[in-house]
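Visitor: Could you take me through the reasons behind the labels used for this model, setting each value against its cut-off?

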Amino acid sequence: MTELSHEVPEVRDFLDRARYPVDEWKLVESHIDNDNLGTTETLFSVGNGYLGLRGNVDEGRDSFSHGTYINGFHETWPIQHAEEAFGFARVGQTIVNAPDAKVIRLYVDDEPLLLSIADLMEYERTLDFRSGVMTREILWRTPGGKRVQIRSRRMVSFTQRHLAVMTFEVTMLDDYAPVAISSQVLNRQDGEDEYHVRSKSMGEGVDPRKASSMRHRVLLPQSNWGTVADGRMALGYQCAESGMTIAVAADHRLETANNYTKRMQTDDDLAKMTYRVDAEPGQPIVLTKLVSYHTSRGVPSRELLDRCRRTLDRAQEEGLDRQFEDQRTWLDDFWTRSDVELPGQPELQQAVRWNLFQIAQASARAEGTGIPAKGVTGSGYGGHYFWDTEVYVLPFLTYTTPRAARNALRFRYTLLDAARSRAKQLAQQGALFPWRTINGEEASAYYAAGTAQYHIDADISYALSQYLAATGDVDFLTREGIDVLVETARMWVDLGFWRNEEDGTFHIHGVTGPDEYTTVVNDNLFTNVMARFNLRRAVQAVRELSERDGIEYDQVVARLELDEREVADWERAADDMAIPFDEHLGVHPQDQHFLEREVWDLANTPMDKRPLLLHYHPLVIYRFQVLKQADVVLALFLQGEHFTAEEKRADFEYYDPITTGDSTLSAVVQSIIAAEVGYHDLALRYFLAALFVDLADRHSNTSDGVHVASTGGVWSALVNGFGGFRDQGGVFSLDPRLPLEWESLTFRLTLLGTRVRVTVRPDCVELAVEEGKEATLLVRGQEVTVLPGDPISVPIVGQGPLLEGEPLPVPGRRRADGTIIAAIVPGT
């Protein structure tokens, strides 16, 4: 294990905990930590991108936040603004906590199993990244002294989108006992959920990262039924305001040589199957529970119940073993395409695979929806879709599972009409995608750090272009992708302006970049650089189509009412784009006036005042040079070919000391650029901070759900940072920066249908085709073509530039005479 891991305190604490023994393919919990239930419930969640079950205990008690989430299943409400203005977001949206089918309660001698107070002689819980199954094994000594062995499994199927599988096995080891098992589907959602009530009772302040709570009953009962003979029961609901509908049905099968009776009860908010067993010692009692969820934007719940029946019937016919086998087969294929290997680093290897597994759980079956910021592991950020998907998650999907990337991009395309309407509301042409949304409507009530982030249009276009370059999917570009490129280009030309019509510069004013600690500014560097890319890519797409296929080009012209003169305007705007640069400091200002502000002294800001957004009024933060997350530095990564090596280093050294990292999106980008410019130790520390964001609960909000964008960023830090991979318009290159402590790094890239295994060693890069025909890459500027069955090794010298020490100290605001005014901490 690298010594640097111990320089990140939370990582050191995590690795020192006996609770998590190291297994490179599993996350293992060896004892219960009642003080961190929210975190462990998130870490042990299972899901498939559509359906997610938090890692609550089977017994349904002793939980921090019970959670079952369906991607896109949400409630709406009218946003109430203290002071109204035209164009403000009107419709709030929040993911709904669906009826909970995880509950299986156990009673022995009429005593309930309550883990928080139980005498547990043995305990182990495991999340297996290869089988996709969460298992738990307990040896419980009852208050009467009887020993009970309990084994359970929980899985959400990757192959059957609407199916979850659970087994619960109980064995009396020494003595006879009456045993009761109560399997339930329980609707807990009725206005505010228990998590929000608990937060308020504990005196916690407002945290914008958490979901909004409801003041009304959300799920209105539509149907409930059950038949004890076949063990099937079901509940159906409709959301009070959004009108969305949901149905959940559960099948039960009990296998035992013991005598037993069974009984079923159903009402509006509870369906319960109870087994009473005369349990003899050594005679297992095995309950199998198959659960199906279906949702819709308006189909009656009775029809959804029919869909649940079909899902359960199919699963019953195929059998339990088939479900687990199919899951393993799916994941075997996933790891074949996606695994990243770090030999000799077991702690890091375990953490890397946990992160990659979370991307699968957030995206695999997210067909027809976006990828929420928390996946389906929690209610954080209200279940909304942000730019996170395009910038942090889609690169992993594009280069490992292109079909999933295409699904995510197609979802954005389906929101195009809503984006056109939103642009009109803001007096713009083209399309403006919502900053945060579930149903396509803007849901951000705070426009300064929400709607003003116009860069989301360019982020989507960037991800689309990256996908097209990596796959050559011309069909998607022609039929749908080009519409997105054209409408976003129209928005940029209309939003910006030429200060002088003859030979002036094109400016974009009144926008917010990725750094939400600086809002509504002029010529934000990231926004302008990305808008320039968006405009040029739209020009390229239109002109290439006109040259390639006249018929399809004519169809696009007709469909979009496209005029070649406007294409010329896009090109001119891109060429004339204002790219701020301060000659005196030799850096790119984050925006037109950023360098005029006072500098926040982060080094002397107490940790109990972090993150800043929870302890300082926005106006205080906005007055200073202080960043929530990488902004200019992110531009250096995404548009690196437009900056020199000297500019990248200067920009990184200026902005790194004033970047708080209050956003989990920051460390991965800082790691990538630190590696590129030569701060190798710092790059590794940032990587470790990102790798353990959730595993070590570094931001104290893992209880709200997995930070999915950060998990995608971990892959980028490995592949783009240490692996040095870049894709510049379909030109694939490698310029690795392997940490000195690592013996090698291996990852896979799917490029134009060919999967290439890349292994970076201190003295060479090894390339091998695992599937497909051939691939051509630049390795440190040398063009290399690798063929099937003919792996090659390309010698390299060193790991790029190496800088000693850390970036420059915190910069101060410069007076006109060049002297420096020291940085300060507000309020001190």
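The conversation below goes through rings, charges, buried residues and backbone angles in turn.

Guide: This is a predicted model, in which local features need pLDDT of at least 70 and side-chain atom pairs count only at pLDDT 80 or more, while totals for chains, interfaces and linings use all residues. Residues are numbered from 1 along each chain as its sequence is written, and side-chain values use heavy atoms, with hydrogens and water left out.

Visitor: Why is the pair of Trp600 and Phe624 called edge-to-face?

Guide: Rings of Phe, Tyr and Trp (its six-membered ring) pair if their centres lie within 6.5 Å, and planes under 30 degrees apart count as stacked, over 60 as edge-to-face and the rest as tilted. The ring centres of Trp600 and Phe624 are 5.2 Å apart and the planes stand at 70°, so the pair is edge-to-face. Trp600 lies in the loop between strand S22 (598–599) and helix H15 (618–622) and Phe624 in strand S23 (residues 624–625), so the pair ties together parts that are 24 residues apart in sequence. Helices (H or I, at least four residues) and strands (E, at least two) are DSSP runs, numbered from the N terminus.

Visitor: What makes Trp600 buried?

Guide: Buried means under 20% relative accessible area, exposed over 50%, and partly exposed in between (1.4 Å probe, protein chains only). Trp600 has a relative accessible area of 0%, so it is buried, and Phe624, with 7%, is buried as well.

Visitor: How many aromatic pairs does a search of the whole structure find?

Guide: The search finds 30 aromatic pairs. Among them is the edge-to-face pair of Trp25 and Trp335, with 5.2 Å centre to centre and 85° between the planes. Trp25 lies in the loop between strand S1 (22–23) and strand S2 (26–29), whereas Trp335 belongs to helix H5 (residues 320–338), so that the pair links distant parts of the chain, 310 residues apart. Both Trp25 and Trp335 are buried, and ring pairs link them into a cluster whose members include Phe129, Phe158, Trp330 and Phe334.Visitor: How do you know that the charged end of Arg353 sits over the ring of Trp25?

Guide: A charge sits over a ring if NZ of Lys or CZ of Arg is within 6 Å of the ring centre and within 35 degrees of the ring normal. The charged end of Arg353 is 3.7 Å from the centre of the Trp25 ring, and Arg125 likewise lies over the face of Phe44, at 4.3 Å from the ring centre.

Visitor: What makes the contact of Glu516 with Lys628 a salt bridge?

Guide: A salt bridge is a side-chain nitrogen of Lys or Arg within 4 Å of a carboxyl oxygen of Asp or Glu. The closest N and O atoms of Glu516 and Lys628 are 3.0 Å apart, and the two residues form a salt bridge. This pair links distant parts of the chain, 112 residues apart, with Glu516 in the loop between strand S21 (506–507) and helix H12 (525–548) and Lys628 in the loop between S23 and helix H16 (632–638). Both Glu516 and Lys628 are buried, and the structure holds 56 salt bridges.

Visitor: Why is Glu771 called partly exposed, and Arg755 buried?

Guide: Glu771 has 47% relative accessibility and therefore counts as partly exposed, while Arg755, at 9%, counts as buried. Salt bridges that share partners join these two residues with Glu341, Arg748, Arg757 and Glu770 into one network. The side chains of Glu771 and Arg755 themselves meet at 3.7 Å, N to O.

Visitor: How do you know that Asp694 has no salt bridge?

Guide: Lys and Arg count as positive and Asp and Glu as negative, while His and the chain ends are not counted. The nearest side chain of opposite charge to the buried Asp694 is Lys374, 5.5 Å away, and Asp694 has no salt bridge. The side chains of Asp694 and Thr702 are joined by a polar contact of 3.1 Å; such a contact is a pair of N or O atoms within 3.5 Å, where within protein one must be able to donate a hydrogen and the other to accept it, and residues adjacent in sequence count only if both atoms are side-chain atoms. Asp694 is placed in the loop between helix H19 (680–691) and helix H20 (708–722).

Visitor: What makes the phi of Tyr381 worth a remark?

Guide: Most residues other than glycine have a negative phi, and most peptide bonds are trans. Tyr381 is not a glycine, yet has a positive phi of about 60°; this residue lies in the loop between helix H6 (346–363) and helix H7 (388–400). Asp62, also not a glycine, has a positive phi of about 50°, and the bond that joins Arg610 and Pro611 is a cis peptide bond, with omega about -5°.
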